[in-house]
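Welcome, and please take a moment to look at the sequence and the 3D view. We will walk through the charges, the surface and a few places in the loops.

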Amino acid sequence: MKHIFTFSLLVVMCFLSVIFADEEPGNSRRPREEERTRQQELSEKRRQARELAREVLNGRQVVVRVYNDWQKDARAFERVSVPLKELSIGLDAVESAFGEIPEFAVIVVTAEDQKDEAVAVVLSDFIYAELYKKGKSFSIWPKHLGKIAEKWHLFKDALGKPIPHATVEIMIASSPYWSTGPRVSIGKVKLDEKGRLKPPKSTSTLCHFCFMLFHPDYCSAPVQARPHIRVDKGVWANFVPVLPVDKWCVFKDALGEPIPEATVEIFEGSNWEKRKPDSIGKIKLDEKGRLRPPESNPRLLSCCFIVSHPDYGTALVERKRGRDPSEPLFSCTVPLVRIGTKADERSIWGTIVDPNGNPVAGAVITCMGVSVPSGGYIRFASTFPYQPQPLRTITDGQGHFALYLPIEQDSDKHGRLVPLASKYYVRIEAPKALGLEPYSGKINSGEETTTTMDPIGHGEYFHTFVFEDANGAITDTNRLRKIEITITYDKGQRRFRYDAWIDGGKFPPGTYQALSPGTKPLKFEPIEVTEDSPELLIFKVRPGIIYYGQVVHGITGEPMPDAIVMSIRDGFVNDVSLLEPNQWDAICSVGPELDPQEPALAPLKEAFKFKKITQTDPKGSFDISFRPGKIGVRLVAVKKDYLGAAQKLSYFMPADETKTKTSEFEAAEPDENGYIALPPMKLFPAATIVIEPNVPTEAEEAGHDEVRLHWFTDPDDNTFWLSDLWATPKNNKGAYLFYKYDLRSNEIETAYIPAGLELTMRVYMLGESRWGPIIVNGIKLDQGQVLDLGRQSFKPAIKVSVKVIDSANEPVEGVAVRISNNISPWLIFMQGPITNEKGVVLINVPQDSKGEFVIEYYEDKKDPNKMHLREGTAYEVGGEEDAGREFTMTISDEMLYQLFK
């Protein structure tokens, strides 16, 4: 009889499934009358199936779970058996079988608990859950069976990858994180090999499911069911806020070693200033320095951190600039080293205090780099080679700080230790609420320091401001709002916008400069403010300046008519070799009054991005005017088949316009008509080279595809006009040779070079020393002649080692070694690699070159009368057979003393 009943139920359930599946919306397009008839038939069949189930199940025993204390333990329950009354379970019968049931206990019925096969068949994969209420009953017949889609749930981690064979605990709750109602655990199931689960269904009162996921390669995590995110037909995604353990973010010290069991406080925000006030929380790293991903942000997007450990100290950590903001964070470098180690002797540490000696907590210390004894400079490695990433840390509650500069890019990882006797360049900013002035300066490594920060307004005096143009005092609020005041004083610079100066206030003595930027800028004459200056400071608009001069032939000195003179911004370097003859003729035919919008000037506009343009008259003369605040960085004179001439206007600015008031700049006051005379601009005859520099793919992928062109003459060349050709701005009143030196990689480029001279041409990749330069010797061309060099490739450089020792044969650590060679005898690299603890550096040198490795000491680079020591050792290499050669440089006791005194 039992088997008969079970078979009957199976028939009923299959029959109902077909009926309800066909009932899905959108499946029927029958005529209205036919559809009405069909629905009546289905309703009758459902009634018959329900009556059959009532008859079969009435009086059978159903196993019920009672969660009578789920607030304390969501997994604790007891099972009892009660008789079914037709299809219903009476809760009074449950209480009779269980005993006293507290109010709001949870009653759950599942198929897996049933001993009666017929009951289990009816329950199928449905779970019924109800709150206990005396006198209540509920039915185990599904109300909406056909309307619940058969959806598989796919579980994906925070990287979007499936999590196969994970264990999932099924919870009845509205949310895995919070719930206003009950929270009970039904049991655990395994995901399949694709990370999928066929989830339970419910049509009872408590019908919300969530999950807890467990996997040995992940941490456990709660999961909110998201059945509306479909990834495939019938498959819906559940995103789990977890990562595999091998993808957890590792926090490493400045030497690249993990920091085990440090405490990390996580803040949401791209940097410290933009962080949210409340942290996500504090997490302790594991024994391998790994951070268990927080559920609210497992990929650590847009986060910054406070890392602390008793053996290291406290540090601020921010994501590097230039990272893809959607990329998970897998590694963090903490600017600390273990206290008491050899590396700790090369760090800085100390206390930041206010004028009363109270510690300043939360002060941010920014460090761009350190200077080493031999004049070298080391920056914190950055994504952008020419925009170094600032390194920052923070003081703890006692005002203590420590900082060590991580060296990630040196000579093949040699010299990871910061050299001894280095100086850290820092800027310290206290929390704004404390009202303390920022501090800038140097801190010596290896010694404890105490830095006192002055209050804002210390040594300041009250001032109000008036601004005057040619029509008198400016009163228009819209114009005043644009004015900014910049004060240069002994602690640096401070800038004040409208809201900060409109009502007056306390400001430090110094040089006050006012500027209204925009399309019609106003620049005011600066004011030197002292302790005795009046309270009211009146700024007057500077009068316009007109520069006039002459363009002449660099060799004969004859005037050059029809030369083009332009004002350009710094950074644009080009020549007119790219212009076709007809384009140059069109430019010259425009006439002396050039309109920047003239179509014929478009090729020049594209090449030079000029702001002002004019043309020389038959005597080679020109004049060009500038509004105050719009002084061009430089003037450039160009003419077809001539190297350009440039003039830095900063050498002929009024004294108070010059920001860097050094002896190299001349105070050039305008005459009574507002004119300033410039020295002649010299154009030298040029020939043209055509070249296609072939940059290796490896260099391109590393971002080192900037190519530079240089050429030089034989040191013994005694051509009489060479001194004028090579004159530097410092020795030539700001005038210098202007020529194209930036070349596009893997493209055909043209460039002017001097005509009538025997030259050596050098083409090299900027910032890339793994490949030597392209060298072409013995080039000598007439004016207007073209030399096509075709496609030229870079040769791999040779890596050699240099060991620096003292007079006692002991290695010298922490000195910068520079290189000078016959490939470019006029060039000594500004920054050489730093010797490691064994006194060794690895250096890339060009093939077939000779020269010397150099160490220098300057007492003061800006003062030629101060001590300057230079010591070196010669080298010569051929081809790849010389790779790995070792060179030894012995430095004198005097050099050693000066470097490390």
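Are R494 and E460 buried or exposed? Both R494 and E460 are buried. Keep in mind as you look around that this is a predicted model.

Let us stay with this pair for a while. The side chains of R494 and E460 form a salt bridge, and their closest N and O atoms are 2.6 Å apart. R494 belongs to strand β33, while E460 sits in the loop between β29 (448-452) and β30 (461-469), so the salt bridge ties together parts that are 34 residues apart in sequence.

R494 has another partner to find. A salt bridge also joins R494 to E437, with a distance of 2.9 Å from N to O. This pair links distant parts of the chain: R494 is in strand β33 (residues 492-496), E437 is in the loop between β27 (423-429) and β28 (439-444), and 57 residues lie from one to the other. E437 is buried, and so is R494.

Here is some background for what you have just seen. Side chains of opposite charge can pair when their charged atoms come close. How many salt bridges does the count come to? The count comes to 34 salt bridges. Among them is the pair R744 and E747, whose closest N and O atoms are 3.1 Å apart. R744 has a relative accessibility of 45%, which lies between the cut-offs of 20% and 50%, so R744 counts as partly exposed. E747, with a relative accessible area of 36%, is partly exposed as well. Salt bridges can also be followed from residue to residue: R65, R79, E112 and D113 are linked in a network of them.

Now turn to the surface and its charged patches. Which residues form a positive surface patch? The patch is formed by R569, K605, K609 and K611. To place one of these residues, look for K609 in the loop between α8 (602-608) and β41 (612-615). K609 is partly exposed, because its relative accessible area is 35%.

There is a patch of negative charge on the surface too, where E700, E701, D705 and E706 gather. D705 can be found in the loop between α9 (697-701) and β47 (707-713). The relative accessible area of D705 is 34%, so D705 is partly exposed.

The next stop is the backbone. Most residues other than glycine have a negative phi, and most peptide bonds are trans. With that in mind, look at E86, a residue other than glycine whose phi is positive, near 60 degrees. E86 is placed in the loop between β2 (78-83) and β3 (88-90). Its side of the story on exposure is short: E86 is partly exposed, with a relative accessible area of 40%.

F104 is not a glycine either, and F104 has a positive phi of about 70 degrees. You will find F104 in the loop between α3 (91-98) and β4 (106-109). With a relative accessible area of 47%, F104 is partly exposed.

From here we can look at residues that are separated along the chain. D157 lies in the loop between β7 (152-156) and β8 (167-172). Its relative accessible area is 2%, so D157 is buried. What distance separates the C-alpha atoms of D157 and V242? They are separated by 5.4 Å, although D157 and V242 are 85 residues apart along the chain.

W272 offers another such pair. The loop between β16 (263-268) and β17 (281-284) holds W272, and W272 is buried, with a relative accessible area of 11%. The C-alpha atoms of W272 and V317 are separated by 8.7 Å, and these residues are 45 residues apart along the chain.

We finish with the cysteines. A disulfide is a covalent bond between the sulfur atoms of two cysteines. How many disulfides does the structure hold? The structure holds 0 disulfides. As for the cysteines C219 and C588, C219 is buried, because its relative accessible area is 8%, whereas C588 counts as partly exposed at 26% relative accessibility.

Key
Residues numbered from 1 in each chain as written. Predicted model: local features only at pLDDT ≥ 70, side-chain atom pairs only at ≥ 80, totals over all residues. Heavy atoms only, no water. Disulfide = S-S within 2.5 Å. Buried < 20%, exposed > 50% of the residue type's maximum accessible area, 1.4 Å probe, protein only. Patch = residues over 30% accessible without salt bridge, like charges linked within 9 Å, V, L, I, M, F, W, Y side chains within 5 Å. Areas by Shrake-Rupley, 256 points an atom, 1.4 Å probe, with all protein chains shown as cover. Salt bridge = Lys/Arg side-chain N within 4 Å of Asp/Glu carboxyl O. Lys, Arg positive; Asp, Glu negative; His and termini not counted. Charge placed at Lys NZ, Arg CZ, Asp CG, Glu CD. Helix = DSSP H or I, 4+ residues; strand = E, 2+ residues; numbered from the N terminus.
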